[in-house]
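Student: I want to go through the labels on this model one by one. For each, tell me what earns it.

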Amino acid sequence: DKLVSVHECATSGGALDFVDKNFTFTVMPFAELVRRTLSPDATPGQLYFRSMGANMRKEPSDIWKNFAIAADFHVPEFMRSSVESRIFQSVLRIGSPALQVFTHYDIMDTILFQVRGQKTVTLFPPCELDHLYVTGSASAVVDLSNPENPTRFPRFARAMANSCVVELQPGQAVVIPALWFHHPVSKTSGSVTVELFVRSLPAEWYEGKDLYANKDLRVVTAAKG
């Protein structure tokens, strides 16, 4: 059985924090990941899997190459001509029920396809950067409903006032523009999603080894010196 590296949340509440790193990596068979996230008795907010390339230090994720189950997933016909030639990577995400993935942005447009379970995605436009307490590409606000937020993050209320919420059911998708912050939360059942990272600019504008698609464009890096 294929072995995969999984984020295991070390705190209650199931809110992954990529600033303070409240998780550990656990290696387990893929079948065990599926059982522990998608079965009726799955522990809420515990496990999160994000696929990587076969050589995780050099190759972007390609679900059709690395996961047999991806043969059942196809880019919808109406968007193939405009999307397929620009796909940088395809990512399989599997999460426990009630799991919150940290608020972050990607440098490319992404299309999030909900395959199984339900998911809520809260979106913030790039202009809310100063209100989201960002380090790198991740926000320090890991639980949007935490009653301590007004004290710890007083500017965050302004970001919430300018947010929008998308509820995804199986078979639905949302397009997330580059640089838009997003905060995905699995609902009461485990979640399976496929995410396509799509270049909207020439390939040479992006960093060559940006496997997570969250590094500045090369022209921005050059301008920073």
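Student: How many disulfides does a search of the whole structure find?

Tutor: Zero. Keep in mind that this is a predicted model.

Student: Why is C127 not counted in a disulfide?

Tutor: The cut-off is a pair of cysteine sulfur atoms within 2.5 Å. The closest cysteine sulfur to that of C127 is in C164, 11 Å away, so the two are too far apart for a bond.

Student: Why is C127 called exposed?

Tutor: Exposed means over 50% relative accessible area. C127 has 58%, so the label holds.

Student: And what makes C9 buried?

Tutor: Buried means under 20%. C9 has a relative accessible area of 10%, so C9 is buried.

Student: Now the sheet. What is the strand order in the open sheet of seven strands?

Tutor: The order is β2-β1-β3-β4-β12-β5-β10, and the pairing is antiparallel.

Student: Why are β2 and β10 said to stand at the edges?

Tutor: Each has a single partner strand, so one side of β2 and one side of β10 (173–176) have no neighbour in the sheet. From one strand to the next, the twist averages 25 degrees.

Student: How do you know that β4 pairs with β3?

Tutor: A pair needs at least two bridges. Three bridges join β3 (residues 47–50) to β4, and the two run antiparallel. One contact to look at is F49, whose bridge partner in β4 is I94.

Student: What joins β4 to β12?

Tutor: Eight bridges, again with antiparallel strands. The cut-off of at least two is met, so they count as a pair. I87 stands opposite V198 in β12. L92 has V194 as its bridge partner in β12.

Student: What makes β4 "mostly covered"?

Tutor: Eight of its nine residues are buried. Each of those eight is therefore under 20% relative accessible area.

Student: On to the voids. How many cavities of 30 Å³ or more does the search find?

Tutor: One. The volume of the largest cavity is about 140 Å³.

Student: What makes a void a cavity rather than a pocket?

Tutor: In a cavity, a 1.4 Å probe fits but cannot get out, whereas a pocket is an open set.

Student: Which residues line the largest cavity nearest its centre?

Tutor: Y48, R93, V101, K119 and P184, out of 17 lining residues. The lining divides into eight nonpolar, six polar and three charged. β4 (87–95), β11 (181–186) and β12 (191–198) each supply at least two residues. β11 gives the most, with four.

Student: What volume does the largest pocket have, and what lines it?

Tutor: The largest pocket has a volume of about 720 Å³. Its lining holds 32 residues, and H7, F25, R50, M52 and Y212 lie nearest the centre. β1 (3–9), β2 (23–29) and β3 are the elements that give two or more residues to this lining. The largest share, four residues, comes from β1.

Student: How do the residues of that lining divide by type?

Tutor: Into 17 nonpolar, ten polar and five charged.

Student: What about the second largest pocket?

Tutor: Its volume is about 280 Å³. The second largest pocket is lined by 15 residues, with Y105, I107, A178, L179 and D216 nearest the centre. The residue types are twelve nonpolar, two polar and one charged.

Definitions and conventions: Residues numbered from 1 in each chain as written. Predicted model: local features only at pLDDT ≥ 70, side-chain atom pairs only at ≥ 80, totals over all residues. Heavy atoms only, no water. Buried < 20%, exposed > 50% of the residue type's maximum accessible area, 1.4 Å probe, protein only. 1 Å grid on protein atoms, 1.4 Å probe; cavity = no way out; pocket = protein on both sides within 12 Å on 5 of 7 lines; lining within 4 Å. Points joined across faces, edges and corners; volume = space filled by probe spheres on them. Nonpolar A, V, L, I, M, F, W, Y, C, P; charged D, E, K, R; others polar. Axes fitted to C-alpha atoms, helices over the stretch in contact; angles between N-to-C directions.
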